[in-house]
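Me: I'm new to reading protein models and would love some help. Could we walk through this one together, a question at a time?

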Amino acid sequence: MILKALFERIPAVLCQGSWDTDIASIAMCSKEVTNNSLFICIKGMEQDGHQYIQEAAERGAAACLVEEVFWKKSASVHGNLKQPEKKTSAYGELKLPEQMTIVSVQNTREAAAWAAAAFYRYPSKELKVIGITGTKGKTSTTFMIRDILEAAGYKTGLLGTIDYEIGEEKKRAERTTPEAIDIQCYLRKMADSGCRFAVMEVSSQGLKLHRSDGILFDVGVFTNLGRDHIGPKEHKDMAEYAHYKSLLFQKCCFGIGNIDDPYYREIFKDASCQVCTYSCRQKADVQASDIMLVNRNGQLGTFFKVNGEEYAVSAPGKFSVYNAVAAITVCRHYGIDQEIIRKALKTIRVPGRVEVIDNDRGYLLLIDYAHNAMSLKNILETMRRYHPRQLWVLFGCGGGRSAARRREMGCVAGKYADFTVITSDNPRYEEPERIMQTIEEGMKETKGQYQMMVDRKEAMRFMLAQGRPGDILILAGKGHEQYQEIKGDYLPFNERKIAQEILADLD
């Protein structure tokens with residue numbers, strides 16, 4: 001594909017070289033550059049891609065996309081960007097290889113998304129793309145929608161926190177919303193493999209960093225908004241967090257929103273799509289009622305009605321009903337038969353989301369991804385309604401994230417659990433003891449009982465040994481993850497497998 005074709009929908013300036021340069025691939029990392037690549041310079045939190053232009057050239061890059069750097073009087077304009085007056089680099093003196101074509105744009109992240117969409121021939125036009133955004137519930141809702149659509153006979157791709165599933169191919173997810181180039185590549189593979197639908201989680205960071213630009217979303221879903229992802233490396237405050245979530249509803253044709261959430265109006269105030277509401281508490285286009293929690297031989301589930309029709313989902317709690325109603329609303333929009341929806345919901349299983357670990361010790365053991373105060377409160381309140389003899393929770397907090405989240409989670413655990421085991425999660429470059437001390441500050445605001453143990457495996461052994469018949473034990477925070485991130489290393493840590501090994505030892 002020639003370079004000019006990649007910028008048909010984004011203003012760009014040619015600084016040197018030719019618009020007719022042949023491009024064989026696109027890369028945002030210099031180490032992924034091959035012959036005739038377009039190397040896109042991204043200024044990140046810790047590294048600036050503009051400093052790797054020479055390396056990209058040595059690896060065979062034919063062209064480079066930069067931001068506001070070395071404008072030339074002879075530059076030709078492609079698109080509607082006016083010739084800029086700026087002639088100096090925003091990044092200092094860079095050595096631009098003479099043989100390399102250089103194109104400049106105002107925002108390389110935004111341009112990367114549209115260039116990738118063009119390079120992969122706009123795959124979202126060949127799919128029905130369904131995007132789900134919200135603080136919690138995204139993963140469960142995507143799985144529900146995917147399973148219902150496949151039960152109806154539609155081949156469906158999935159991009160989310162747990163896996164990227166493209167046709168028969170499955171890849172462990174690296175982030176909730178992949179980089180723009182990867183998304184477009186995955187969507188193209190889905191379209192080429194015969195997928196009719198693509199269901200994807202759309203994070204606020206993905207929206208903020210333009211990863212979802214260039215995608216034609218058919219349907220967008222808003223689940224809820226809670227205090228999370230607020231910090232120096234994420235969002236400065238809740239207003240910014242809500243703003244970026246709301247952008248999905250300026251990109252989709254049909255928007256589905258949880259009207260019970262306090263941020264509903266903020267999310268949809270500038271929506272350009274048709275809007276459908278759902279609720280478990282008030283009048284809405286799609287309304288759930290008569291919610292009943294069920295525990296049958298250690299198998300948790302929930303019965304409910306939607307606009308008078310009976311449904312059941314094989315997951316506990318009101319939050320599972322919200323997720324199910326969102327999925328039902330999406331699938332009804334596409335005319336999926338009601339009986340197909342019913343049958344699919346009864347058998348849904350989402351890895352690491354209220355996942356039951358079988359055992360012979362007489363207690364209910366769950367693994368859940370709850371990693372913020374909102375989700376931890378939801379799971380603890382829900383499990384309390386099943387009337388356990390004693391409710392236990394084990395959790396930690398990730399390093400490099402908001403300290404306020406740690407105190408909040410400590411406070412929630414102290415209020416809603418009978419006993420809490422505070423341990424390590426993904427400490428990253430922080431000392432786990434320091435993270436745990438901040439959690440403890442929140443715990444001390446309550447009268448909750450707790451134990452602190454740095455080694456997560458030993459903490460699990462302690463709690464699983466202490467549990468008694470009739471108790472409910474929750475391993476929170478890791479969920480589907482199969483590693484611990486410590487000082488840059490990803491150390492194997494499959495909580496499900498470790499729990500099973502401990503249980504075998506205890507027997």
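Me: What is the volume of the second largest pocket?
Reply: Happy to help! Keep in mind that this is a predicted model, and that every value here is computed from it. For the second largest pocket, the volume comes to about 300 Å³.

Me: Which helices give two or more residues to the lining of that second largest pocket?
Reply: The lining is made up of 17 residues, and Trp114, Asp213, Gly214, Ile215 and Lys251 lie nearest the centre of the pocket. Looking at which elements supply two or more residues to this lining, we find helix H3 (108-119) and H6.

Me: Which residues line the second largest cavity?
Reply: Searching the whole structure turns up two cavities of 30 Å³ or more. The second largest cavity has a volume of about 40 Å³. Its lining consists of Met28, Arg109, Ala112, Glu179, Ala180, Leu209, His210 and Arg211.

Me: Which residue caps the N-terminal end of H7?
Reply: Look for a side-chain oxygen that lies 3.3 Å from the backbone nitrogen of Ala239. A polar contact needs N or O atoms within 3.5 Å. The residue that provides this oxygen is Asp237.

Me: Which elements do the buried residues of H7 pack against?
Reply: Helix H7 (residues 238-246) is mostly covered, with seven of its nine residues buried. Among them are Met238, Tyr241 and Tyr244. The partners they pack against are strand E7 (128-133), helix H4 (138-151), helix H6 (204-208) and helix H8 (264-268).

Me: How far apart are the end C-alpha atoms of H9?
Reply: Helix H9 (residues 318-333) has 16 residues, so at 1.5 Å a residue it should span 22 Å. The model agrees with that expectation, as the end C-alpha atoms are 23 Å apart.

Me: How many of the residues of H9 are buried?
Reply: A residue counts as buried when its relative accessible area is under 20%. By that cut-off H9 is mostly covered, and the number of its 16 residues that are buried is 13.

Me: Which residue of E16 is the bridge partner of Ala288?
Reply: Strand E15 (residues 286-296) runs antiparallel to strand E16 (residues 299-306), and seven bridges join them. In E16, the partner of Ala288 is Val306.

Me: Which residue in the hairpin of E16 and E17 takes a positive phi?
Reply: E16 also pairs with strand E17 (residues 309-313) in the antiparallel sense, over five bridges. Within this pairing, Phe303 stands opposite Ala312. The hairpin has two residues between the strands, and the one with a positive phi near 50 degrees is Asn307.

Methods: Residues are numbered from 1 along each chain as its sequence is written. This is a predicted model: local features need pLDDT of at least 70, side-chain atom pairs count only at pLDDT 80 or more; totals for chains, interfaces and linings use all residues. Side-chain values use heavy atoms; hydrogens and water are left out. Two strands pair if DSSP finds at least two bridges between them. Helices (H or I, at least four residues) and strands (E, at least two) are DSSP runs, numbered from the N terminus. Buried means under 20% relative accessible area, exposed over 50%, partly exposed in between (1.4 Å probe, protein chains only). Contact means heavy atoms within 4.5 Å. A polar contact is a pair of N or O atoms within 3.5 Å; within protein, one must be able to donate a hydrogen and the other to accept it, and residues adjacent in sequence count only if both atoms are side-chain atoms. The expected span of a helix is 1.5 Å times one less than its number of residues. On a 1 Å grid over the protein atoms alone, a cavity is a set of points where a 1.4 Å probe fits but cannot get out, and a pocket is an open set with protein on both sides within 12 Å along at least five of seven lines; lining residues have an atom within 4 Å of a point. Grid points are joined across faces, edges and corners, and a volume is the space filled by probe spheres set on the points.
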